Amino acid sequence: MAVRAFACEVCGQLLFFENSVCLRCSTPQGFVPEQLALTPLREDGELVRCAQAELAACNWLVEREGGEPFCASCRLTRTRPNDNDIAGLAAYVEAERAKRRLLFELLDLGLEIDRPDLRFDLLSSAFDTVMTGHDDGLITLDLAESDDAQREARRTQLDEPYRTVLGHFRHEIGHYYWPALVQAAGAEELERWRELFGDERTSYDDALKRHYESGPPADWRERYVSAYATMHPWEDWAESFSHYLHIHDTLQTAADFGLVVLGPQAASDAALSVAATDELLDGPFNTIIAAWLPLTYALNAVNRSMGKEDLYPFTLAPTVIDKLAYVHERVGAAAPARTTAPAP
C-alpha cells in the first residue's frame, strides 16, 4: 500500500498529500479519508470539496448529497481565529495542514478519530493567553507555533532539539489516546505501563514545578526520549507516542519512495544496509528500529551536506526503545485491522 506518495489517475504525475490539483494535467484532486487516497474531483461525481477548502486550504472531500459540509478533519476544529484576524487565519491554515497529516496517520494506523470527545481549539495568543495542551479530549494549540521565527525562538529558549506544529499535535494526541490504549486495557496492563513509564498518580503540579525549577536529571538520555519526558509519566508516554508517530510516518514515506540505505562504502557493517518496506511497519518493533536507525544516519548525513543541522537529533537508548515498542504494541492491539488503499 502506498499512502505517502500518490499519482494522478489521469496522467500519472507524482502527487503529494497536500495537493489539490495535478501540476501536470491540471486535474482537480481531493483526499478521501475513507480510502486514504487522493482522487480526481469530477463535476458530476459523488464527492465535493470540504466547506473549509478556501479558509483552511483543505483538500479533503465530502459526500455531495446528504453528507456533512465539513470533512472528517475540519469538523473536529471547535474554535478558530475570527475572520478579521488576518495573521491568525494564516497561521490557522498551517495548523490545519499539520492536523490533517496527523489524522491521516491515525486513520492509517486504524485509530478512530470520529469520536464525540475529540476536539481542537486553534487559537491566536496575539490577543489572549493560550496554553498548548490537552484537557479531556480538547487539544489546544497556540497558533504562534505556526510562525517559524517564534517557534524557533521558543525551541532555543527551552533547549529543545526539535519543535514543530505536527510534533505538538502528535504529543497532545498521545495524551488523548492514553485512556483508550492503556487505562481501558485493565489493571494488569496499567501495571505493565507503570513499570516502564512510572506512576501517573504522582502530583502533576509538583512534577511541573520541579521540572522547571531543576530541569531534567543529568542522565536523562539513558531513559527518556526527550528532556520534557522526564517531567511526569504522562509526559513520558506522550513524548514516546509522538516519537512513535514520527518513526512510523517517516519510514512509511521512505518505503513509498523506495528509499534504500546501503550504508557508506567505507563501512562494512551489514546493519547499515536496509530497505524500508510497508510490511515491516506491521511487524515486531525490533524490525522497525533496525530499519529506522540506518535511515536516520543517512538523512542526518544528507542534511549536513546541505549545511543544516541533523534532521533527526535524537539518540534512542535501550530503555527508550522499550517504551516505543510498548506504544507499537498498544496501537496494534487497539487497531489490529488497518485501513488499506489501492496503490496508485
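User: Why is H232 called buried in this predicted model?

Analyst: The relative accessibility of H232 is 3%, and because buried means under 20% relative accessible area, the residue falls in that class. H232 is placed in the loop between helix 5 (204-214) and helix 6, where, leaving aside residues up to four places away in sequence, it touches E200, T202, S203, Y204 and A207.

User: What makes V165 buried or exposed?

Analyst: V165 has a relative accessibility of 9%, and since the buried class covers values under 20%, V165 counts as buried. This residue belongs to helix 3 (residues 165-181), and its C-alpha atom is separated by 8.4 Å from that of E94, although V165 and E94 are 71 residues apart along the chain.

User: Why is L14 called partly exposed?

Analyst: For L14 the relative accessibility is 38%; buried would require under 20% and exposed over 50%, so a value in between is called partly exposed, and that is how L14 is classed. L14 is found in strand 2 (residues 14-15).

User: What makes L14 eligible for a nonpolar surface patch, and which residues make the patch with L14?

Analyst: A patch takes residues with over 30% relative accessible area, and L14, at 38%, passes that cut-off. Together with F16, F257 and L259, L14 makes a nonpolar surface patch of about 350 Å².

User: Which residues have the most contacts inside the largest nonpolar core, and which elements give two or more residues to this core?

Analyst: The largest nonpolar core has 78 residues, and I173, W237 and F241 are those with the most contacts inside it. Two or more residues come from each of several elements, among them strand 8 (119-123), strand 10 (138-142), helix 6 (233-256), helix 7 (285-305) and helix 8 (318-334), while helix 1 supplies the largest share, 11 residues. As for I173, its contacts beyond residues up to four places away in sequence are L102, L106, L118, I139, F241 and L245. In soluble globular proteins, nonpolar side chains tend to be buried together.

User: How do you know where the predictor's confidence is lowest and highest among the elements?

Analyst: The comparison rests on mean pLDDT, which is lowest for helix 2 (residues 148-157), at 64, and highest for helix 4 (residues 187-197), at 98. Over residues 337-344 the pLDDT is below 50, yet this stretch has 20 contacts in the model beyond near neighbours in sequence. The protein chain averages a pLDDT of 89, with 88% of the residues scoring at least 70.

Technical notes
Residues numbered from 1 in each chain as written. Predicted model: local features only at pLDDT ≥ 70, side-chain atom pairs only at ≥ 80, totals over all residues. Heavy atoms only, no water. Patch = residues over 30% accessible without salt bridge, like charges linked within 9 Å, V, L, I, M, F, W, Y side chains within 5 Å. Areas by Shrake-Rupley, 256 points an atom, 1.4 Å probe, with all protein chains shown as cover. Salt bridge = Lys/Arg side-chain N within 4 Å of Asp/Glu carboxyl O. Helix = DSSP H or I, 4+ residues; strand = E, 2+ residues; numbered from the N terminus. Buried < 20%, exposed > 50% of the residue type's maximum accessible area, 1.4 Å probe, protein only. pLDDT = per-residue confidence, 0-100. Contact = heavy atoms within 4.5 Å. Core = buried A, V, L, I, M, F, W, Y, C linked by side-chain atoms within 4.5 Å.
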